[in-house]
Amino acid sequence: LLRGVVEHIVLLTATPINTADTDLFNLLNLVDPDNFQYRELFGQVMAANEPLVKARQRILDRTATAQDIVDLLRGSQNHALLRNNCQLAQLIEYLPTVDLNDSTVRIHLADRIERVNLFSNVITRTRKRDVTEFRVTRRPAVHKATMHPAEAQLYQAVTDAVRAYAWSRDINDGFLLAAPQRQVS
């Protein structure tokens, strides 16, 4: 319903998408119905992309050699959908000539492989492990605060109510208490 009345559609997630191929197809069909209208072809696109996804992961693994990556890229190149892809052919030719000891080179190559991916026009992935610039360092700290008597009274009332509920049903109260106590604190 929204697609017919809006100019653009963007789907965002902050967590990995763990969906079946059918679910992913349905999401992509929402975003780009022109390019994702035939469910039958979707499996072929997934199959062509699989070696590319593996190659991108391997290029970021410092133990991978240029030949490892080239072999994976040739696997994609063997698929009919990518057989004549010029970017892929250039990558296969270029890879043996680069210094893979340089992490900047590896990140650049991972980006180039990602652009060959047949979903690159509709899916953008930014993984925390790939972001090296301006990375936020988390420094958790515990801050203690004294409750006002009214707050302490509410906290205790909620604790007592949850505990009574759990005990009346012969349930351990520890697990049930965690969320309510966190919420009222």
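These are numbered notes on a predicted model of one protein.

1. **Fold content.** The secondary structure amounts to seven helices and zero strands. Read from the N terminus, the order of elements is α-α-α-α-α-α-α. The radius of gyration is 25 Å, and the globule rule gives 16 Å for 185 residues, so the protein is more spread out than a compact globule.

2. **Extent.** The C-alpha trace spans about 70 × 45 × 35 Å along the principal axes of the protein. Read this next to the radius of gyration of 25 Å, which is well over the 16 Å of the globule rule.

3. **Burial and surface.** Of the 185 residues in the protein, 25% are buried. The exposed surface comes to about 13,800 Å². Carbon and sulfur atoms supply 53% of that area.

4. **Contacts and charge.** Take the contacts in the protein with a separation of 6 or more: 52% of them join residues 24 or more positions apart. On charge, the protein has 22 positive and 21 negative charges. The mean positions of the two sets are 4 Å apart.

5. **Aromatic pairs.** How many aromatic pairs does a search of the whole structure find? The search returns four. One of them joins phenylalanine 36 and phenylalanine 42. Their ring centres are 6.2 Å apart. Their planes meet at 70°, over the 60 degrees that the edge-to-face class requires, so this pair is edge-to-face. Phenylalanine 36 and phenylalanine 42 are buried.

6. **A second ring pair.** Phenylalanine 42 also pairs with phenylalanine 119. Here the ring centres are 5.5 Å apart and the planes are at 40°, so the pair counts as tilted. This pair links distant parts of the chain. Phenylalanine 42 is in helix H2 (residues 39–59), while phenylalanine 119 is in the loop between H5 and H6, 77 residues apart. Both phenylalanine 42 and phenylalanine 119 are buried.

7. **The cluster.** Which residues do the ring pairs link into a cluster? They are Phe25, Phe36, Phe42 and Phe119. Tyrosine 38 can be placed relative to one member, phenylalanine 25: the two are 13 residues apart in sequence and 9.0 Å apart in space, C-alpha to C-alpha.

8. **The loop between H1 and H2.** Two residues of this loop deserve a look. Aspartate 32 lies in the loop between helix H1 (21–31) and H2. Is aspartate 32 buried or exposed? Its relative accessibility is 14%, under the 20% cut-off, so aspartate 32 counts as buried. Beyond residues up to four places away in sequence, aspartate 32 touches Asn121 and Val122. Tyrosine 38 is found in the loop between H1 and H2 too. With a relative accessible area of 47%, tyrosine 38 is partly exposed.

9. **The loop between H5 and H6.** Isoleucine 123 sits in the loop between helix H5 (103–116) and helix H6 (149–168). Its relative accessibility is 22%, which falls between the 20% and 50% cut-offs, so isoleucine 123 counts as partly exposed. Isoleucine 123 and glutamine 44 are 79 residues apart in sequence. In space, C-alpha to C-alpha, isoleucine 123 and glutamine 44 are 17 Å apart.

10. **A backbone point to check.** Aspartate 170 is found in the loop between H6 and helix H7 (173–184). Its phi is near 55°, a positive value in a residue other than glycine. Most residues other than glycine have a negative phi. Aspartate 170 has a relative accessible area of 73%, over the 50% cut-off, and is therefore exposed.

Technical notes:
Residues are numbered from 1 along each chain as its sequence is written. This is a predicted model: local features need pLDDT of at least 70, side-chain atom pairs count only at pLDDT 80 or more; totals for chains, interfaces and linings use all residues. Side-chain values use heavy atoms; hydrogens and water are left out. Helices (H or I, at least four residues) and strands (E, at least two) are DSSP runs, numbered from the N terminus. The radius of gyration is taken over C-alpha atoms; the globule rule is 2.2 Å times the number of residues to the power 0.38. Buried means under 20% relative accessible area, exposed over 50%, partly exposed in between (1.4 Å probe, protein chains only). Contact means heavy atoms within 4.5 Å. Accessible areas come from the Shrake-Rupley method with a 1.4 Å probe; for residues, only the protein chains shown count as cover. Lys and Arg count as positive and Asp and Glu as negative; His and the chain ends are not counted. The place of a charge is taken as NZ of Lys, CZ of Arg, CG of Asp or CD of Glu. Rings of Phe, Tyr and Trp (its six-membered ring) pair if their centres lie within 6.5 Å; planes under 30 degrees apart count as stacked, over 60 as edge-to-face and the rest as tilted.
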